Amino acid sequence: MTEFGVETIYCDARALQDPNYRYRGVGQHSASLLSALGKARASRRHPKLIALVDPLAAPLDRIHENLFDEVRSQPRRKEHGPAWFLSLSPMTHDPTWIAPLLLDEGLHRIALFYDLIPLSMPDRYLSGAAQRIDYVNALAWLRCYQTFASISRFSADALIETMGIDPCQVFVTGVAVRERLEPPVDQPPLSRAERRWIVVAGGGDPRKNPECALRAHARSEILCRAGLRLAVFGNYSPEMQQELQRIYLSEGGRLHVLRFYKDLSDGELHQLYREGLATIVASRAEGFSIPIVESSAAGAPVVVSDVGAHPELIEDEEARFDPDDPDRLRSILERLALSEDFWSGLRTKQSALWTRYTTSSVGQRFLDELNTRVGGLAAPTVRRGARPQIAVLSPLPPAASGIADYTAATLRPAAEVVDLHMFTDTEDAKPEQAWASLQPVSAARNALRRFDAVVGVMGNSHHHVEVFDHLMTYGAACIAHDARQTDFYVHLLGLERATTVASSEAGRSVPAQQVLDWMHNPRDLPVLFLSEIAENANPLFVHSPTTAKLIHDLYDVRPTVLPFAQYRLLPPGMMLPQQRRRARTLVGVHENETLLTTFGFVGQDKAPKELIWTVRMLSNWGHRVRLVFCGQAHPLSKASYEALAQEIGVEHQITFFDRFVTDETYMQYLSATDVAIQLRQYKLGGLSGALNDCIAAGIPSVANEHLANAMLAPSFVRRVPDNLSPLLLAETILAIVDDSQVRSAALGEAQAFALEHSPARYSSLLLNGLGVEVPLQRRAT
Amino acid sequence: MSSPVFLDISEFIQNPIRTGIQRVVREVIRNWPAEQSLRPIAMNAEADGFYYLPEPALDYALNLDRRTIVTRAETAERLREHDPPNRRRAAHIRRGDRILTPELFYDARRVALHHRLATEEVQLFYIVFDLLPWTRPALFNIGDAAALMPYLQLISRMPKRCFISTAVKAQFASRVLRQPDSEDAGVAIPLGADGLQLERRVFDPSSRTFVCFGTFDGRKGQEIVREAFLKLNHDNGERLIFVGRVPDEPARHLLPVLSDRSDTIQVITDASDRLLADILGVARASIYLSPEEGYGLPAIESLYSGLPLIAHAELPALSDIPASGQLRLNSTDPEIVAAAMRRLLDDAETARLWDEAAGLELQSWGTYGRAIANWALL
């Protein structure tokens, strides 16, 4: 075990990516504590420190990156064993991004805590509704932390009182002064006579209140006569400077003694403090105040407003003033100018202040407190007997998506034993009685804490974009419907991203054109574009053992196989002889004609040309056959297939649809057909919803070996080699046609298959795979 | 002299390589009876017709099998020199003319040309080699099966078919025509067995060497032969020699054969005719296990040289000869192959098989050429 009793420390490092924070208070404080952890890590067996960064934000600066052992772009825990989670900015960066970690009972969660100033100055910081919502949201998530490292006692007390946090969970670190602002060993302080400035710690935020200092100085004849000019440092725009100058003038000041400084180096800032008779920190609210410590380090006494953490830093009331009382400040400053004893006394009392806030002492305090307070990890709480809460992120009916239908149909049985909360981007999705709730996918991140499991359902259409984003950001269990995600990446995430992923998976640079070629010819695909899903899914469910093996071989992830369920409700009795006769009449099949049907969208990978040649072979042999492509065909493709049919003289035996095939027509052909033929020329373990229907209906069918095996198809689905041959297809079809027993045998086998592939069993296997314990009496049957 | 026979060898002249089919083309030309006129032609796609092949081009392509290995690029360059497209002389095919096509081809335009000629009552004759591209497409990893169909449709429509074996003819009748008992499938004329031009040997009991011919293409079963051989006792200097070309990426299951460095097993990947003759001169028997062959010429050639043969019973080349001098196996189980090899290590049994092999009357290429000419002129 390591020094801290943990193997891994995950750190939300977004504060170090944010230009508003990375080099300022939050960033500096965070970096100093991380540096302390780093030094501890260097000493003995140390936990691995992992930065979790937002891939869409600026990358970490090298100086910050070096603080970590590893940088990751997904906010999730991967390592096993005891671990901590450390947030550098719990109130300033979206807490839902790191929700999986905040909800992880296996982690000890630690927050660096700064202040609750916005609550006391809502007009300034929480004026908009969005700001208020974000802040309240952040406050709510704040309760997920178990330990708080507060920058001051003042902030700690605010946290305890306002949030009702147990005081035992909170300790105070202070904030470290940067090392370059510490006094050099060989540098004595300047004498009082050498000091020509009153220094004002300002800043862009109005609460810094330099106006009080300006008024105090402008009103003082004594300071003027003493030749003590006023130096204001902070990031002030010319307009802000003009406004401050106006105030200064209006109070009787003369502009030639007022100077503004911005963008000072640490050396310049230290020198400015050093040349000051005193430093004024007039802020209206502070959780800590680093200028106080910096000024102390430069040997300049500090006069501070009597707010926030200031009293715990500057205990001497004689050096404090009401931030709305410039005359009180003026009197303190004049006393400092006039009384060397007062000045010396104040300086002496404050001279050692900074030594409590060096990087090493703050860092050591942080480490000591962590070691003392963060003991063994508490076991996660388990709610026994409660109905499990499952979130499912998926398109739902009436989206034009087979996956939408599939999700709805196959998970309904699960709703009998768990609460299913459906998150969908299908605009007109209708609430069902089976669903415990129905919300947009974007809402899922706000509710992660409620769920025992979250399942994202992935496919290649635009219906899955939000689901994919959620999966990439928060991780979840995932049901991957498709054997490849090429189209999803190219069409929905962009060719650049697709090329990047392709190169990563192939282990070489893949040109964009090759990705496009692969998309059009999936047979040539050496990778599946599933690496990111595989990495972010836990567990990953697939429907085909072939796909599972490919994923394992390619990405070293072992998916769970859920046998594809029969989800489409077929009309009862559709395979009865009289129903079939009726369907055959409706679709116009002659009595002595053999109807061959291939179902689904007509694409090159479904071997339409081979099927047309198969009709030619069967016709050569004297059989009267008709082939129907019962699915929409693209007009251009259709024209080329019709041209082939005409060229070889079977054009009157082939039927195409150039529009979406209605359910009614689809069902009629299912009922009417003598032999169904479902082929897939690429071998990635892809499934066929159409073949699933054929199996459910008990239609004697032909499929290539790869597809049939991926579907775990029963024996009435006759296999042909994956390297297709119209001769073999024709022979196989004839073997079915010539077998008078085949249809009745198929119906019997189909019934047994249906039990094994029912939605109820699917639901049960899914819940089992999610590790959701369902009481026996509640299990779906 | 009767009217000439036009020989459509478009593929042979445009892409001359050393395939088994092109070997047959060469033998047909070399052994065509002198008294019969043979006019080699090739398709001119632009003109949708044929042109006469210039003698230098034909000579060059014909003798490629006697040259040292040349690259495809060099071959193409030489052929361009000998057969410049702008100097081609059109061959005007008329009603009643005879065209013999001793090739398999997938060029749809060439198929269309043949169909048109058939409507013009030109007599079209085809040498049909095998049906493996349609019955065992996986052997060739065929992706675009539709592209292979025009040729199959063509030969199923044209009645003048000459198969290289009775087995292929029977398969065509039953599976392509679906008329297994019909006499209309065509004729079967087995290929010549004397291609190696070896003297027939007599049995020498001191020879303990088996020889196994065949390209290392993954389906010849060399790994089974090796496994069977390793089961023998090896008491008396038994040896096994593999002879065959190795493709750029041999099948993984053949790697143990190709990397075998033992004293008793030898792999010869580039045998000259002389070396081949030397090997057959010291061999006791030959082995040819693959049933999935268009024909299996090496098996017949080794029999022709007098060697007994262990072979798969379904090898098409065996369908036209008696089983004499052979141990025909119905399995490729290594145990069964080893048992056959043990039988052939018995001197008495082997001597009997040598006698039988010597009595076989196998067809020569000369006979084959005359038979094809007679068939095409009938």
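The exercises below, each with a worked solution, concern a predicted model.

In this predicted model, local features need pLDDT of at least 70 and side-chain atom pairs count only at pLDDT 80 or more, while totals for chains, interfaces and linings use all residues. Residues are numbered from 1 along each chain as its sequence is written, chains are lettered from A and ligands numbered from 1 in the order in which they are written, and side-chain values use heavy atoms, with hydrogens and water left out.

**Exercise 1. State how confident the predictor is in chain A and where its pLDDT stays under 50.**

Solution. Begin with the average: pLDDT, the predictor's confidence in each residue from 0 to 100, has a mean of 90 in chain A, where 96% of the residues score at least 70. Then turn to residues 376–382 of chain A, over which pLDDT stays under 50 and for which the model has six contacts (heavy atoms within 4.5 Å) beyond four places in sequence. Residues 776–781 of chain A also have a pLDDT below 50, with twelve contacts in the model beyond near neighbours in sequence. For the model as a whole, the scores are ipTM 0.92 and pTM 0.67.

**Exercise 2. Describe the secondary structure and burial of chain B.**

Solution. Count the elements: chain B has 15 helices and 14 strands, these being DSSP runs numbered from the N terminus, with at least four residues (H or I) for a helix and at least two (E) for a strand. Next take burial, where buried means under 20% relative accessible area, exposed over 50%, and partly exposed in between, with a 1.4 Å probe and protein chains only; by this criterion 52% of the 378 residues of chain B are buried. Finally, consider the contacts in chain B with a separation of 6 or more, of which 73% join residues 24 or more positions apart.

**Exercise 3. Decide whether His312(B) is buried or exposed, and list what it touches.**

Solution. Locate the residue: His312(B) belongs to strand S13 of chain B, which spans residues 309–312. Its relative accessibility is 6%, and therefore His312(B) counts as buried. Leaving aside residues up to four places away in sequence, the residues that His312(B) touches include Tyr288(B), Leu289(B), Pro291(B), Leu318(B) and Leu329(B).

**Exercise 4. Identify the buried residues of helix H3 of chain B and the elements they pack against.**

Solution. Within helix H3 (residues 55–62) of chain B, the buried residues are Ala57(B), Leu58(B), Tyr60(B), Ala61(B) and Leu62(B). The buried residues of H3(B) pack against helices H1 (10–14), H2 (20–30) and H4 (72–82), together with strand S2 (38–44), of chain B.

**Exercise 5. Place Gly227(A) in chain A and classify its accessibility.**

Solution. Gly227(A) sits in the loop that joins helix H9 (221–225) to strand S9 (229–233) of chain A. Because its relative accessibility is 30%, Gly227(A) counts as partly exposed. As a last step, compare sequence with space: Gly227(A) and Ala337(A) are 110 residues apart along the chain, and their C-alpha atoms are separated by 9.9 Å.

**Exercise 6. Give the overall composition of chain A.**

Solution. Chain A contains 32 helices and 26 strands, and 57% of its 781 residues are buried. Among its contacts with a separation of 6 or more, 72% are between residues 24 or more positions apart.
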